[in-house]
Amino acid sequence: MEHKTSEFSLNHTLTSGQFFRFQKVDNWYYCQERDKCFKVCQQGNKLFFEGTDKAHITRLFGLSKQQEKAIETLAQDPTLLPLLKQYSGLRVMQRDPWETLVSFQCSIISNIPKIKKNVELLAQTFGKQVEFEGQRYAFPEPGEIDDLEKIKSCATGFRARYIHAANSMVTDSFFEKLKEEQYETAHGKLMEIPGVAEKVADCICLFSLGKTEAFPVDVWIERALRELYFNGKKVKHDEIREFAKKRWGKNAGYAQQFLYHWVRNR
DNA sequence: ATCCAGGAATTTT
DNA sequence: AAAATTCATGGA
């Protein structure tokens with residue numbers, strides 16, 4: 001199967017810290033999301049894929065005209081413009097909310113290679129085997145990550161009890177309802193889950209619930225904004241969140257993704 | 001060995 | 001209300 005794209009970069013999108021279960025083999029990216037195992041490859045403006053359908057690819061990689069338009073409006077920000085050009089084609093993904101929740105619980109004072117290891121081990125330990133050019137693993141469903149000691153054996157450390165608690169608190173329908181809620185409401189309900197505060201809740205909102213105004217603030221975003229917008233001055237995370245809301249509004253999440261990718265790759 | 005990593009929860013000032 | 005401490009693990 002193939003899909004024509006204008007101004008999309010599979011590489012930038014997959015390597016910008018929004019998604020963790022992929023491995024590059026030659027020109028193909030082998031991906032696992034929830035129960036799906038597939039591979040995808042970009043050649044010019046064409047996207048080739050096997051193992052899933054076009055609707056899934058379009059949703060997962062944010063290949064909507066709407067997102068393209070939203071990112072274009074960010075070009076009015078002269079500070080952001082060079083970043084938009086440098087990382088042209090970077091998109092905000094729309095992932096499975098449950099897997100996104102667990103992934104970002106794992107992210108707490110961690111790093112991307114370790115998060116990848118955590119989610120892969122969780123899939124191997126609790127998920128079903130899937131055959132796709134070899135044996136791979138689906139991500140376990142809500143309710144299936146139910147053994148605290150086994151969660152710890154996935155190198156999750158002190159985060160294990162957060163994941164264990166979340167496993168018995170949420171269902172797929174819980175997330176479907178959150179998608180219908182206002183950003184502030186969804187964000188607040190997510191923070192009732194152990195291991196979920198402002199930043200993790202914002203990652204879930206942005207990467208899996210379609211809340212484009214969510215602006216996750218971590219140490220990297222803090223560095224980026226301090227340098228680009230605050231003249232090197234120290235700023236509190238709350239202050240950064242307010243700044244982002246005022247400056248970019250509903251499109252703050254898109255701005256965040258470019259800022260994060262820029263500050264990590266310059 | 002020492003330090004830090006896409007923070008959150010708890011305790012102490 | 002704000003600041004300090006604790007929380008496991010792995011890689012540099």
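Me: How do the residues of the surface near DNA strand C divide into nonpolar, polar and charged?
Reply: Sort the nearby residues by class, then count. This is a predicted model. Near DNA strand C there are 3 nonpolar residues, 1 polar and 3 charged.

Me: Which residues are around DNA strand C?
Reply: They are Ile-109, Lys-114, Lys-117, Ala-155, Gly-157, Phe-158 and Arg-159.

Me: What share of the strand C atoms within 4 Å of the protein belongs to sugar or phosphate?
Reply: Split those DNA atoms into backbone and base. For DNA strand C, 62% belong to sugar or phosphate, and the rest to bases. One polar contact shows the sugar side: a backbone N or O atom of Phe-158 lies 3.3 Å from a sugar or linking oxygen of the strand.

Me: Now strand B. How many residues surround it, and which are the closest?
Reply: Take the count, then the closest names. DNA strand B is surrounded by 28 residues. The closest are Ser-110, Asn-111, Gly-195, Asp-218 and Gln-256. Sugar and phosphate make up 59% of the strand B atoms that come within 4 Å of the protein. By class, the surface near strand B has 16 nonpolar, 7 polar and 5 charged residues.

Me: Which part of DNA strand B does each polar contact reach: sugar, phosphate or base?
Reply: Read both ends of each pair. Ser-110 uses a backbone N or O atom, 2.6 Å from a sugar or linking oxygen. Val-200 also uses a backbone N or O atom, 3.0 Å from a phosphate oxygen. Asp-218 uses a polar side-chain atom, 2.5 Å from a base nitrogen. Helix 11 (198-208), helix 12 (219-228) and helix 14 (252-265) each give two or more residues to this surface.

Me: Arg-159 is on the strand C list. Is its place in the protein buried or exposed?
Reply: Check burial, then look for a partner. Arg-159 sits in the loop between helix 7 (148-156) and helix 8 (160-167). Arg-159 is buried, yet has no salt bridge. The nearest side chain of opposite charge, Asp-218, is 14 Å away. The Arg-159 side chain does reach the backbone oxygen of Ile-108, at 2.9 Å. Its contacts beyond four places in sequence include Gln-105, Cys-106 and Ser-110.

Me: Where is Lys-211 found, and how far away is its nearest side chain of opposite charge?
Reply: Use the same routine. Lys-211 lies in the loop between helix 11 and helix 12. Lys-211 is buried without a salt bridge, and Glu-213 is the nearest opposite charge at 6.8 Å. A polar atom of the Lys-211 side chain is 2.9 Å from the backbone oxygen of Lys-179. Among its contacts beyond four places in sequence are Leu-178, Tyr-183 and Cys-205.

Key:
Residues are numbered from 1 along each chain as its sequence is written. Chains are lettered from A and ligands numbered from 1 in the order in which they are written. This is a predicted model: local features need pLDDT of at least 70, side-chain atom pairs count only at pLDDT 80 or more; totals for chains, interfaces and linings use all residues. Side-chain values use heavy atoms; hydrogens and water are left out. A residue is near a molecule or strand if one of its heavy atoms lies within 4 Å of it. A polar contact is a pair of N or O atoms within 3.5 Å; within protein, one must be able to donate a hydrogen and the other to accept it, and residues adjacent in sequence count only if both atoms are side-chain atoms. Helices (H or I, at least four residues) and strands (E, at least two) are DSSP runs, numbered from the N terminus. Ala, Val, Leu, Ile, Met, Phe, Trp, Tyr, Cys and Pro count as nonpolar, Asp, Glu, Lys and Arg as charged, and the others, Gly among them, as polar. Buried means under 20% relative accessible area, exposed over 50%, partly exposed in between (1.4 Å probe, protein chains only). Lys and Arg count as positive and Asp and Glu as negative; His and the chain ends are not counted. A salt bridge is a side-chain nitrogen of Lys or Arg within 4 Å of a carboxyl oxygen of Asp or Glu. Contact means heavy atoms within 4.5 Å.
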